[in-house]
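Trainee: I am new to this structure and would love a close look at one part of it. Could you walk me through it slowly?

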Amino acid sequence: AHFNLAGDYEKQGDWAAAAQSYHDALQLNAGDVEAWNGLGLSLQELQAFPEAESAWHQALAVAPGNFNANNNLGQLLDRTGRLGEAAHWLAAAQAAEPGSALVLNNLGTNHQKRGQQLAAIDFYRQALALQPDSAHTHANLLFALNYHPDASGEEIYEAYRAYDERFGRPQRVHWRAHENVRDAKKKLKVG
């Protein structure tokens, strides 16, 4: 009951109440890995990063190969600048679910932050092979390509063109027409 109540509080954005409900659930069953995961997420939303980290370590003590706990801990450590440690937990998440586009994107971001552009690009491309409609991962790839030491301008331009084709062009049907009148003799008004 406490676990379900915590989920309801999460949907409402009441992270403190969700954290309390997860605590209550863990009082009844300290081996509930999903309750530890939920507690970690709630605490992270409350900016209680050390406590969130502790919750995910507890989840991993119960289930060392748990994808969510490894991935969430890796993301938290990445977010707080502990990039080397984050890479370890993200790699563990990848080992738990090798076909996860989410963790491949997270590994790409981690490698990019550590200045490993080629590895980052490789992870982003692997993620896109699994989930080609991820605008977020595609944008991460574009950003990494801008810093690729050997990518040509043409290669980078082609990647941007492909992004526009997949994500930009379909949105153009929603653009409103400009209301300004094209008149070559009209004076330009600035300010």
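Leaving aside its neighbours within four places in sequence, which residues is Asn-110 in contact with?

Mentor: Happy to help, and please keep in mind that this is a predicted model. Beyond its neighbours within four places in sequence, Asn-110 is in contact with Asp-78, Leu-83, Ala-86, Ala-87 and Leu-90. Asn-110 itself sits in helix α7, which covers residues 101–113. With a relative accessible area of 0%, Asn-110 counts as buried, because the cut-off for buried is under 20%. For a sense of where Asn-110 lies, take Ala-18: the two are 92 residues apart in sequence, and their C-alpha atoms are 29 Å apart in space.

Another asparagine is worth a look beside this one. Asn-72 is found in helix α5. Its relative accessibility is 11%, so Asn-72 is buried too. Not counting residues up to four places away in sequence, Asn-72 touches Asn-37, Leu-41 and Trp-56.

Trp-56 leads us on to the largest nonpolar core. This core has 23 residues, and those touching the most other members are Tyr-22, Trp-36, Leu-39, Leu-43, Trp-56 and Leu-73. At least two of its residues come from each of α2 (15–28), α3 (33–45), α4 (49–62), α5 (67–79) and α6 (83–96). The largest share, six residues, is supplied by α4. In soluble globular proteins, nonpolar side chains tend to be buried together.

Trp-36 gives a good view of the surroundings. Setting aside neighbours within four places in sequence, Trp-36 is in contact with Leu-26, Ala-30, Ala-55, Trp-56, Gln-58, Ala-59 and Val-62. Apart from the largest core lies another core, of eleven residues, including Ala-120, Tyr-124, Ala-144 and Ala-151.

Tyr-124 and Ala-144 also appear where two helices meet. Helix α8 (residues 117–130) packs with helix α9 (residues 135–146) at an angle of about 155 degrees, and their axes are 9 Å apart. The angle is over 145 degrees, so α8 is roughly antiparallel to α9. The crossing of α8 past α9 is left-handed. On the α8 side, the contact is made by Gln-117, Ile-121, Tyr-124, Arg-125, Ala-127 and Leu-128. Facing them from α9 are Thr-137, His-138, Asn-140, Leu-141, Ala-144 and Leu-145. By type, the residues of this contact divide into seven nonpolar, four polar and one charged.

Notes: Residues are numbered from 1 along each chain as its sequence is written. This is a predicted model: local features need pLDDT of at least 70, side-chain atom pairs count only at pLDDT 80 or more; totals for chains, interfaces and linings use all residues. Side-chain values use heavy atoms; hydrogens and water are left out. A nonpolar core is a set of buried Ala, Val, Leu, Ile, Met, Phe, Trp, Tyr and Cys residues joined through side-chain atoms within 4.5 Å. Buried means under 20% relative accessible area, exposed over 50%, partly exposed in between (1.4 Å probe, protein chains only). Helices (H or I, at least four residues) and strands (E, at least two) are DSSP runs, numbered from the N terminus. Contact means heavy atoms within 4.5 Å. Axes are lines fitted to C-alpha atoms, for helices over the stretch in contact, and angles run from 0 to 180 degrees between N-to-C directions. Angles under 35 degrees count as roughly parallel, over 145 as roughly antiparallel, 65 to 115 as roughly perpendicular and the rest as oblique. A crossing is left-handed if the near helix is turned anticlockwise from the far one by less than a right angle, and right-handed if clockwise. Ala, Val, Leu, Ile, Met, Phe, Trp, Tyr, Cys and Pro count as nonpolar, Asp, Glu, Lys and Arg as charged, and the others, Gly among them, as polar.
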